[in-house]
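Student: I am new to this structure. Please take me through one part of it closely, strand by strand.

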Amino acid sequence: MTAPPTGRDSAPRTGRRRLTYFHGQLLSAQDLRQEQGQFLARLRLHNLALHGYGVAYGLWTRPVPPPAAECPDPERAAPWFEVTDGLAVDRHGDEVIVPCGVRPRHDLWQLLDEDERCRALEEIRSGRDGVTVYLTIHHCEEPVDSVRAVYTEACDGLPRTAYSHIREGFALRATTRRPEPDSCDPPCPCEPPTEGAPEWHGCGDGRILGPGLLLARVNHVRPDRALAPEQIHPEVRRPLSRRPATVITRISWPHGGRLTTQQARALLGERGLRIRFSRPVRTATLQDPGIADLFQVTGGRGVHGTVMRLETQIETDGPDDETTDRITIRQTDIEYLNDGDRIHLVLRTPFVLDICGDPVDGTHTGGLVPQPGGPVAHRPGLLPPDGCGPRTSGTPSGAAGVFESWIFIDNHRPDPDAEAEAEAEPTDRTDSAADDSETLEGQP
């Protein structure tokens with residue numbers, strides 16, 4: 001007897017199968033495992049195809065004092081930290097959950113393996129002020145609840161014991177090796193890990209770890225020094241998405257600052273307005289006329305309110321390179337800047353495509369994109385949700401908005417901080433390389 005035609009005769013024979021139940025059916029342990037595995041595979045596919053992978057919320061890394069039993073000398077305190085509750089999805093589609101109230105605390109130095117600790121100690125003895133450590137979180141599975149089987153096969157002999165449950169959790173790992181950049185698209189959950197990649201591996205105690213998600217980069221880690229909030233950089237995390245939007249991470253001028261005419265001319269014409277992106281963008285999309293504009297809005301006494309467009313050009317470090325992660329917008333005319341004027345920059349980031357072909361999200365949220373080596377926010381009380389780390393452009397929804405910023409010409413009462421920053425002579429290739437280059441290490 002066969003089922004009537006249903007229009008599905010052309011379905012591939014390699015498609016997924018699921019159990020059908022009927023009275024008198026004999027089910028084996030293998031049948032139930034296949035049924036459970038099929039629904040797990042569907043859940044992983046749903047997570048990756050619809051949501052992508054990355055941190056959904058929480059999982060902030062914060063320094064904490066060592067436990068009471070540790071060395072009480074604050075000068076020789078170990079680098080202890082805690083991770084707040086939160087949820088993430090790894091590259092296999094598995095959910096990584098830190099429940100409320102858990103807040104795991106660890107010594108970051110002890111999370112490194114023995115070989116990495118030895119190499120780090122050699123670098124510290126040679127005069128380096130600590131090492132850079134990358135903290136990752138992994139989905140973890142381990143069998144629990146050993147029970148004795150009630151029924152055995154004839155060939156099994158004595159009743160044997162087996163684990164009746166698998167407990168899912170998380171594990172924290174640390175390494176001094178810089179992680180590889182994330183690809184544009186999430187991986188397919190049906191494909192096994194590439195050969196030689198440390199995707200699924202055991203801990204030596206029966207636990208199985210999934211691929212790690214980067215939580216933070218910690219700079220200047222030493223085994224005898226406690227962590228400070230400014231050492232922890234959570235901005236390297238990947239937000240939960242199929243393709244994280246490329247954003248602006250650094251600018252070379254004080255947004256909303258007040259500069260004298262001389263300082264503004266040096267900034268706009270000699271040094272230029274430098275902008276750095278979180279990942280490379282395609283230089284071909286920067287060459288179209290109208291991508292960036294500088295407007296001068298006249299102010300002060302007399303006629304004011306007139307808007308004039310200044311002639312500009314966009315420069316890259318390597319004009320022949322296909323991609324770049326930083327640009328310089330430079331004024332090319334000699335229009336005079338008057339006291340009371342406002343200089344308005346507009347960078348039309350929706351027309352700038354990143355290496356994955358997606359538009360840059362330039363929404364200047366709060367006007368808080370920092371300068372290299374500057375404070376994490378230009379206004380007090382407006383820190384990121386985790387309380388540390390610099391802001392970037394962009395919104396969680398990836399709106400790909402236009403980037404805007406401005407400065408004021410004030411020859412009477414210049415901002416002392418802006419004056420000091422404008423007079424500082426920056427380097428040509430890197431902006432505070434020790435800080436800025438590290439900020440983008442491992443960023444998606």
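Tutor: Start with one pair of strands in this predicted model. Strand E19 covers residues 323–331, and five is not a guess here: E18 and E19 are joined over 5 bridges, in the antiparallel sense. One of the pairings to look for is Ile314 with Ile329, its bridge partner in E19.

Now widen the view. The pair belongs to an open sheet of 4 strands. Read across it and the order is E13-E15-E19-E18, with antiparallel pairing. Strands of a sheet pair through backbone hydrogen bonds. Look next at the edges. Strand E13 (248–251) and strand E18 (312–316) each have a single partner strand, so one side of each is left without a neighbour in the sheet. The sheet also twists, by an average of 25° from one strand to the next.

Then add the helix. H4, residues 261–271, packs on this sheet. Helix H4 touches E19 and also strand E15 (273–282). The directions of H4 and E19 make an angle of about 130°.

For another set of strands, turn to E3, residues 80–83. Strand E3 pairs with strand E2 (residues 61–63) over 3 bridges, antiparallel. E3 also pairs with strand E6 (residues 105–107), again antiparallel and over 3 bridges. Follow Glu82 in E3: Arg62 stands opposite Glu82, and Arg105 is the bridge partner of Glu82 in E6. Side chains in a regular strand alternate between the two faces of the sheet. In E3, Trp80 and Glu82 lie on one side, Phe81 and Val83 on the other. These four residues are all buried, and both faces of E3 are covered.

Terms used: Residues are numbered from 1 along each chain as its sequence is written. This is a predicted model: local features need pLDDT of at least 70, side-chain atom pairs count only at pLDDT 80 or more; totals for chains, interfaces and linings use all residues. Side-chain values use heavy atoms; hydrogens and water are left out. Two strands pair if DSSP finds at least two bridges between them. Helices (H or I, at least four residues) and strands (E, at least two) are DSSP runs, numbered from the N terminus. Axes are lines fitted to C-alpha atoms, for helices over the stretch in contact, and angles run from 0 to 180 degrees between N-to-C directions. Contact means heavy atoms within 4.5 Å. Buried means under 20% relative accessible area, exposed over 50%, partly exposed in between (1.4 Å probe, protein chains only).
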